[in-house]
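Thanks for coming. I will take a few minutes on one structure, and I will keep to the ligand and the pockets.

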Amino acid sequence: MRILAARDYDHMSRQAANIISAQVILKPDCVLGLATGSSPLGIYRQLIDWYQKGDINFSQVRTVNLDEYVGLGEDNDQSYIHFMRSNFFDHININQANTNVPCGTNPDTEAECSRYDQVIKNLGGIDLQLLGLGPNGHIGFNEPNEYFAMDTHKTPLTDATIQANRRFFEKEEDVPRYAYTMGIRNIMQAEKVLMIVSGKQKAAILKEAFLGPVTPKVPASILQIHKDFTLVADEEALSAFTHEEREKWNIE
Ligand code: GLP
């Protein structure tokens with residue numbers, strides 16, 4: 001586990017965008033695992049900027065997104081497929097046929113989950129998976145639980161997640177109660193994992209996830225044992241780490 005400290009959200013976004021850009025330059029047809037939420041927005045803006053300047057080329061890149069709300073389709077502006085197009089895909093030269101998001105409107109859960117696992121398999125696995133950190137320690141929509149769900153699955157969203165995502169919807173009743181999400185095995189099998197975390201409100205959960213025990217009660221904690229995991233966190237998010245903990249993890 002490698003922990004990089006960033007001054008603030010913009011600095012975190014640039015550092016993470018640099019890592020993604022290096023991946024695309026070194027392997028132009030790489031498979032990027034992508035995430036939604038507020039955390040990656042700065043990365044997408046930075047990558048679009050570098051694309052517009054001619055510094056990065058997405059023409060051969062393939063993508064798989066972590067998750068999607070059950071019941072929301074591409075015409076719903078809160079769906080993750082809509083988020084990805086409007087915040088990233090529509091602004092770069094990616095072939096949209098090479099982008100994948102679980103299909104929230106497929107009512108056949110079993111079919112959708114095994115289809116998505118097969119999509120990842122057919123791509124040859126994920127080269128670099130980008131992750132945010134849920135306020136309760138979730139990754140994708142792998143919510144705190146008694147066990148780690150391995151493959152793509154449909155999950156009920158916890159109250160904490162519904163509350164956290166409430167801000168994007170007009171009324172609380174509009175927040176979907178279920179999501180399709182990659183499982184822990186899908187994420188852990190990625191060659192590299194990159195997590196970004198920003199803000200004071202994530203400080204306690206960040207410390208619990210990476211300095212506490214590995215447990216499905218804090219799903220992100222499993223990343224402690226990933227073979228190539230990089231965390232880029234800003235100073236506010238790192239504010240619960242003590243001086244000794246920073247030294248131990250070589251955080252400058
Ligand atoms: C959502 C997404 C996660 C994301 C999390 C944190 O629930 N499913 O992939 O990491 O929210 O979001 P934010 O970055 O807005 O804090």
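I will start with the ligand, then go through the two pockets in turn. One thing to keep in mind is that this is a predicted model.

So, where does the ligand sit? The ligand is in the largest pocket. There are 13 residues around the ligand, and those that come nearest are Ser 38, Ser 39, Asp 67, His 138 and Lys 202. Sorted by class, this shell holds seven polar residues, three charged ones and three nonpolar ones.

Three of the contacts can be given with distances. At Ser 38 the backbone is involved: one of its N or O atoms is 2.7 Å from an oxygen atom of the ligand. At Asp 67 a polar side-chain atom is 2.8 Å from a nitrogen atom of the ligand. At His 138 a polar side-chain atom is 3.0 Å from a ligand oxygen atom. As for cover, the ligand taken alone exposes 390 Å², and the protein buries 94% of that.

Now the pocket itself. The largest pocket has a volume of about 670 Å³. Its lining is made up of 36 residues, and nearest the centre are Thr 36, Gly 37, Ser 38, Asn 165 and Arg 167. Three elements give two or more residues to this lining: strand E4, residues 67–69, helix H3, residues 80–87, and helix H5, residues 159–165. Which of them gives the most? That is H3, with five residues. By class, the lining of the largest pocket has 17 polar, 15 nonpolar and four charged residues.

Two residues already named come up again here. Ser 38 is among the residues nearest the ligand and also among those nearest the centre of the largest pocket. Asp 67, with its polar side-chain atom 2.8 Å from a ligand nitrogen, has a number that falls in the range of strand E4, 67–69.

Last, the second largest pocket. The space in it is about 210 Å³. It is lined by 15 residues, with Glu 143, Asn 145, Ala 149, His 153 and Thr 155 nearest its centre. Strand E7, residues 153–156, supplies the largest share of that lining, four residues. The lining of the second largest pocket divides into eight nonpolar, five polar and two charged residues.

That is what I had.

Key:
Residues are numbered from 1 along each chain as its sequence is written. This is a predicted model: local features need pLDDT of at least 70, side-chain atom pairs count only at pLDDT 80 or more; totals for chains, interfaces and linings use all residues. Side-chain values use heavy atoms; hydrogens and water are left out. A residue is near a molecule or strand if one of its heavy atoms lies within 4 Å of it. A polar contact is a pair of N or O atoms within 3.5 Å; within protein, one must be able to donate a hydrogen and the other to accept it, and residues adjacent in sequence count only if both atoms are side-chain atoms. Accessible areas come from the Shrake-Rupley method with a 1.4 Å probe; for residues, only the protein chains shown count as cover. On a 1 Å grid over the protein atoms alone, a cavity is a set of points where a 1.4 Å probe fits but cannot get out, and a pocket is an open set with protein on both sides within 12 Å along at least five of seven lines; lining residues have an atom within 4 Å of a point. A molecule sits in a cavity or pocket if more than half of its atoms lie within 2 Å of its grid points. Ala, Val, Leu, Ile, Met, Phe, Trp, Tyr, Cys and Pro count as nonpolar, Asp, Glu, Lys and Arg as charged, and the others, Gly among them, as polar. Grid points are joined across faces, edges and corners, and a volume is the space filled by probe spheres set on the points.
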